[in-house]
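Me: Please take a close look at the charged side chains in this model and at how they sit relative to the parts around them. I would like one connected account rather than a list.

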Amino acid sequence: MRNLPSAVSAHLAADGTGPHVEMLVWLVARDRATGAPEPFGFWTGADHQVITVAGEGRTYYGAGALLEVDPVTSSTAQLSRSWQFKVSQLDPVVAEAIRTYDARLAPVEVHEWHWDPEANLPLAEPVRVMRGTVMDLAVPTPPAGQQTEAIVRIVTDAWRLTRGLPLMRSHEALQARTAGADSFRRYGNLTGVSVAWGEYSSSAGDLYSAAAAPAWTGGER
């Protein structure tokens, strides 16, 4: 279950209709020339606004920059989840974020900002509901004079737990882990041959022929 600020929980308990919720998206793109981080903020509000998030003042652009967001679901399991939102390509800040700068694999934070609909005031600081990485960025070219949206899909940080450990596949990495103990890949970068365990690889055809290969004696494959 999502942890909400006490003011939001009290409002929910007192008012069955619940607060009004604005969505905030914070994306950190990169400068294509220098690699320096370039943050951009979008939210579902009507105006541009500096919003304090975790003690940091961030500028979020509204007025139609963020067109649509998927519902955010909570889970206690460490599962990789996908989520997407749509932004307007006609917005100059959006165009700068996805065209001028590089948004591929950019880190993203998504927050919910709970407001009292009667007082039109925020109940508490924004609550982070998702953190992830940009995986897909669809930027179609619209017909002349027509508006279209860019679709950004992110996956949560749990996807990093599914990645392998490529550093273990080199001689240098094995030596860094235990110097002198494992030299299995010492000459791997010189042979140019990829040998599969228990069988002869087609890439090794220049070294020996299938006819000359001994029969398999290692039991079941």
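Reply: R104 forms a salt bridge with D102, and the closest N and O atoms of the two side chains are 3.1 Å apart. This is a predicted model, and in it R104 counts as exposed, at 58% relative accessibility, whereas D102 is buried, with a relative accessible area of 10%. D102 also meets the side chain of R30 in a salt bridge, at 3.3 Å from N to O. That second pair links distant parts of the chain, since R30 belongs to strand β1 (residues 20–30) while D102 lies in the loop between α2 (92–100) and β7 (107–116), 72 residues apart. R30 is partly exposed, with a relative accessible area of 27%.

Another of the salt bridges joins R153 to D136, with the closest N and O atoms 2.6 Å apart. Here too the pair links distant parts of the chain, with R153 in strand β10 (residues 149–156) and D136 in strand β9 (residues 127–138), 17 residues apart. Both partners count as partly exposed, R153 at 25% relative accessibility and D136 at 39%. Returning to the earlier residues, R30, D102 and R104 are joined into one network by salt bridges that share partners. In total, the structure holds seven salt bridges.

D91 offers a contrasting case: this residue is buried yet has no salt bridge, and the nearest side chain of opposite charge, R99, is 11 Å away. A salt bridge would require a side-chain nitrogen of Lys or Arg within 4 Å of a carboxyl oxygen, so R99 at 11 Å does not qualify as a partner for D91. D91 lies in the loop between β6 (82–88) and α2, and the side chain of D91 reaches the backbone nitrogen of V93 at 3.0 Å. Beyond residues up to four places away in sequence, D91 touches G62 and A65.

A65 leads on to the nonpolar surroundings, for A65 is also among the residues in contact with F42, as are V93, V94 and A97, once neighbours of F42 within four places in sequence are left aside. F42 is in turn one of the residues with the most contacts inside the largest nonpolar core, which has 27 residues, and the others named with F42 are W83, F85, V110 and I154. The elements that give two or more residues to this core are β1, β2 (37–43), β6, α2, β7, β9 and β10. Apart from this core lies another, of eight residues, among them W26, I51, Y60 and W115. Y60 is listed as well among the contacts of F42, together with residues including M23, L24 and V25.

The strand that carries R30, β1, pairs with β2 in the antiparallel sense over seven bridges. Within this pairing, the bridge partner of V28 is P39, in β2. The hairpin of β1 and β2 has six residues between the strands, and in this hairpin G35 takes a positive phi near 80°. Strand β1 therefore brings together several parts of this account: R30 of β1 is linked to D102 in the loop between α2 and β7, β1 is paired with β2, and β1 is one of the elements that give two or more residues to the largest nonpolar core, while R30 itself remains partly exposed.

Note on methods: Residues numbered from 1 in each chain as written. Predicted model: local features only at pLDDT ≥ 70, side-chain atom pairs only at ≥ 80, totals over all residues. Heavy atoms only, no water. Helix = DSSP H or I, 4+ residues; strand = E, 2+ residues; numbered from the N terminus. Buried < 20%, exposed > 50% of the residue type's maximum accessible area, 1.4 Å probe, protein only. Lys, Arg positive; Asp, Glu negative; His and termini not counted. Polar contact = N/O pair within 3.5 Å; in protein donor to acceptor, adjacent residues only side chain to side chain. Contact = heavy atoms within 4.5 Å. Core = buried A, V, L, I, M, F, W, Y, C linked by side-chain atoms within 4.5 Å. Pairing = 2+ DSSP bridges.
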